[in-house]
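Me: I'm new to reading protein models and would love some help with this one. Could you go through it with me, one question at a time?

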Amino acid sequence: MKCSVAMAVFNGASYLHDQLQSIADQSHPPDELVVCDNGSTDGTQDIVRKFASRVSFPVRLHQNEINLGYANNFALATSLCSHEIVFWSDCDDWWRPEKIREFCQRFERDSDLLLLFSDSELVDFSLRP
C-alpha cells in the first residue's frame, strides 16, 4: 500500500534531524513526505531541502505565506498528500523503524479499517524514557 507522511513544522530545527532520519530509516519507507512549514526562521527549510536531496522518496516542502496555526497547518499538509494512507508527524517525533510497515500491514489485512493510532512514549533528547 502506498502511503504519505504529512509533517507540520514551525521552527523545529533542533528536533527535525532525528525525526527525518527516523522516517528515512523505516523498513517500509513512505511513498512521499509532505512538509508544510508555518514560517520558520531557524533553518528548518534548509534542513528539509538537504534531507530531500539524499532520500529515495519524494519530499515536498510547502512554505505557508502566513502562519496558519498548528491544526490548519496539519490540515493543509494532509490535503497535499497523494496517497490514501497518511501518517501525521510532528517535527519533534521519532519513529520506530517498523512503524510504517506495521501500520500498512494492518490496513491491508482489514479493508474496513479507517483510522489507526499508536501509543507514544515521552523521552528526553537522548530518546531515554
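**Salt bridges, helices and a surface patch**

Reply: Happy to! Let's start with E102, which counts as partly exposed because its relative accessibility is 37%; buried means under 20% relative accessible area, exposed over 50%, and partly exposed in between (1.4 Å probe, protein chains only). Please keep in mind that this is a predicted model, where local features need pLDDT of at least 70, side-chain atom pairs count only at pLDDT 80 or more, and totals for chains, interfaces and linings use all residues. Residues are numbered from 1 along each chain as its sequence is written, and side-chain values use heavy atoms, with hydrogens and water left out.

Me: Which residue forms a salt bridge with E102?

Reply: A salt bridge is a side-chain nitrogen of Lys or Arg within 4 Å of a carboxyl oxygen of Asp or Glu. For E102, the closest N and O atoms of the pair are 4.0 Å apart. The partner is partly exposed, with a relative accessible area of 31%. It is R101.

Me: How many salt bridges are there by this rule?

Reply: One of them joins D46 and R49, with 3.2 Å between the closest N and O atoms. D46 and R49 sit 3 residues apart in helix 2, about one turn of the helix; helices (H or I, at least four residues) and strands (E, at least two) are DSSP runs, numbered from the N terminus. The count comes to 3 salt bridges.

Me: R60 and E32 meet in a salt bridge too. How many residues apart are they?

Reply: Their side chains meet at 2.8 Å, N to O. The pair links distant parts of the chain, with R60 in strand 3 (residues 59-63) and E32 in strand 2 (residues 32-37). The separation is 28 residues.

Me: Is E32 buried or exposed?

Reply: Its partner R60 has 36% relative accessibility and so counts as partly exposed. E32 has 5% relative accessibility, so E32 counts as buried.

Me: Are helix 1 and helix 2 roughly parallel or roughly perpendicular?

Reply: Helix 1 (residues 13-24) and helix 2 (residues 44-52) pack with their axes 10 Å apart, at an angle of about 20°. Angles under 35 degrees count as roughly parallel, over 145 as roughly antiparallel, 65 to 115 as roughly perpendicular and the rest as oblique. Helix 1 and helix 2 are therefore roughly parallel.

Me: Where does V123 lie?

Reply: V123 is partly exposed, because its relative accessible area is 34%. Going along the chain, V123 lies in the segment after helix 4 (99-109).

Definitions and conventions: Axes are lines fitted to C-alpha atoms, for helices over the stretch in contact, and angles run from 0 to 180 degrees between N-to-C directions.
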